[in-house]
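Here is a short tour of the spaces inside a protein model and of the way its parts meet. Have the coordinates open and follow along.

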Amino acid sequence: GAGFTREERQIFGLEGFLPYDVHSLEKQCLRAYNQLLKQPSVILKHAFLASLRDQNQVLFYKIMQDHLKELLGVLYTPGAAEAVANYSNLFRRPVGCYILEGHLTDVNRTADVAYDANNPNDAIDLVVVTDAEAILGIGDQGVGGITISTSKAALYTLGAGINPNRILPVVLDCGTDNHALFSDSLYMGWKRTRIRGKNYDQFVDRFIKSCRELFPNAIIHFEDFGMANAYRLMEKYKDIPMFNDDIQGTGAVALAALLAAIKVSGNRLADQRIVIYGAGSAGMGIADQIRDGLMILEGLDKDEAARRFWCVDRNGLLVESMGNGLRHAQLPYARPDAEVENWEKTEEDGTWLMDVIKNVKPTVLIGTSTHSRAFSEELIREMGKHVERPIIFPMSNPTALCEVDPSDALAWTENRALVATGSPFPPVQLGEGKEYTVAQTNNALIYPALGLGAILARSRTISNSMLMAGVNSLASLSPALTNPEASLLPDLADVRDVSVSVAAAVVRQAVEDGNAQDENTIKIVKGKGEMSLEEHIRSRMWDAVYRPLELVD
């Protein structure tokens, strides 16, 4: 654009094709930001950013970096949800790879094209893939899921400086069970019901094998797969460098906030009674991550750790008698029926959230239900009766589906609650000139750094201990540890600095586990390099600046 220097314009024959004045990146950023502000809706702002990314990659990332907290909700949740749902109507040009089940040969061919076009001398570092069955809070969106892959890919660059040209966004078009898409004449995906069972498994397996053959060192990021497949695939491919953000990322950032809250309250993780409302992939991912924390940090065995949880779904408290009605991921957390037989209950049929609150007297309440305002005043006050510093995490996205407004959670506990949310909320005024900063449990605080650490280490897999190392590092950076009214998690505006610390912890753990394969990184970790590990990480981060260009024959 207007950023080409006089010399570059002459060398590349651009004189006469650009306005006279040379504009710095900062001046271009100001113009683009002013144009963005004139867009009247979030969906149009998202479309503007997508168009800017296609026209000028550096300018797109520069404006996003400069206004990350403001624009994250436009690029990703909640703004991305509307963009995904309207993908076929908003379509301008393809970005990423679209793999169709009926044409399995496209897996190799499409990935090969991406390899040749973007990285003729090197490999892709990261593949972000979705089958779009469980997009954010809006469910099955078919081919529109590519928008989630591209948005997540951008956050890897913004959060941890992974080179955007070395990231491959992918949607696996398995069909769709969203009949509204079938009736849309402009829908661009495969118009058939979703493939299931053996055909689905063969499709995903072929895709993974093709990625491993073409990009053997790449991290594979699974995003927004349906719960039934998400856990199964995570278990199936656990021995390769893969990561499921909905399960592991959400769980990791929630655990980091929980560890910070426990330090503030002066308690131990092993002493917590944890109620999770919403036993889907996010809720069970959080339970699994906290359970791993109890095992690794507190020395509990798996069964002992699982007994710290009471999980409530739309059918009530998960209990063993539900049998086949329980998903595989829910089974470890089902409570014995005998435990609840003598409970005082609000209704004869089932055991509901208020019953659990009254009888368990939890210290921690986590919401992943997408049930708006499910945490009522009666419920929060009941919890507050029995706990000095109740830990309340209403984590459902978007804001409209959050289980409780943080200002209400604090008011109903006389400002004693320690709160973190999934969506951004303004600070809560506490009176006497004080305000409480509400932490946002944004996965972007951890998954980009986890990916960066695994890439730099060239890790064979992403182990639980590597994930836990990242969690501990993030928790140690909590502003609340020095200021009780401060956020339980670092500010998203500082995500690049946070990512250096978290990625360093992940790399060190990869080396200790024997997973690291990059000889230079191993040497640096062992103190035999020419720079510190943190300096090495910063040196490998991609920044939004114009690089010098040379004319090549």
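## The largest cavity

Let's begin inside the protein, with a helix: α9 contributes three residues to the lining of the largest cavity, the most of any element. Please keep in mind that this is a predicted model. Along with α9 (146-160), helix α5 (68-75) also supplies at least two residues of that lining. If you would like to select the wall in your viewer, pick Leu68, Leu72, Leu155, Leu158, Gly159, Ala444, Leu492 and Val495.

What is the chemical character of this wall? Seven of its residues are nonpolar and one is polar, with no charged residues in the lining. The space enclosed is about 50 Å³, and the structure holds two cavities of 30 Å³ or more.

## The second largest pocket

Next comes an open site. The second largest pocket has a volume of about 740 Å³. Its lining takes in 28 residues, and those closest to the pocket centre are Tyr231, Met234, Glu235, Asp288 and Arg291. Four elements each give two or more residues to this lining: α12 (227-236), α13 (245-265), α14 (281-298) and α21 (464-476).

How many of the lining residues are charged in this pocket? There are nine charged residues, alongside twelve nonpolar and seven polar ones. For the largest cavity, by contrast, the count of charged residues in the lining is zero, as none is present.

## Domains and their contact

Stepping back to the whole chain, the protein is divided into four parts: domain 1 (1-75), domain 2 (98-243), domain 3 (249-441) and domain 4, which is made of two segments (445-477 + 492-540). Between the centres of domain 3 and domain 4, taken over C-alpha atoms, the separation is 30 Å. Their contact draws on 13 residues of domain 3 and nine residues of domain 4.

How much area do these two domains bury? The size of an interface is often given as the accessible area lost when the parts come together. For domain 3 and domain 4 that figure is about 960 Å², and 76% of it lies on carbon and sulfur atoms.

## What the record adds

One annotation is worth loading beside the model. An unreviewed UniProt entry places the feature "domain: Malic enzyme NAD-binding" at residues 247-511. In the model, this span is 42% helix and 12% strand, and its end C-alpha atoms lie 24 Å apart.

Technical notes
Residues numbered from 1 in each chain as written. Predicted model: local features only at pLDDT ≥ 70, side-chain atom pairs only at ≥ 80, totals over all residues. Heavy atoms only, no water. 1 Å grid on protein atoms, 1.4 Å probe; cavity = no way out; pocket = protein on both sides within 12 Å on 5 of 7 lines; lining within 4 Å. Points joined across faces, edges and corners; volume = space filled by probe spheres on them. Nonpolar A, V, L, I, M, F, W, Y, C, P; charged D, E, K, R; others polar. UniProt positions renumbered as here; feature names shortened; annotations may be inferred. Domains from an automatic or database assignment. Contact = heavy atoms within 4.5 Å. Buried area = accessible area lost by both parts, 1.4 Å probe.
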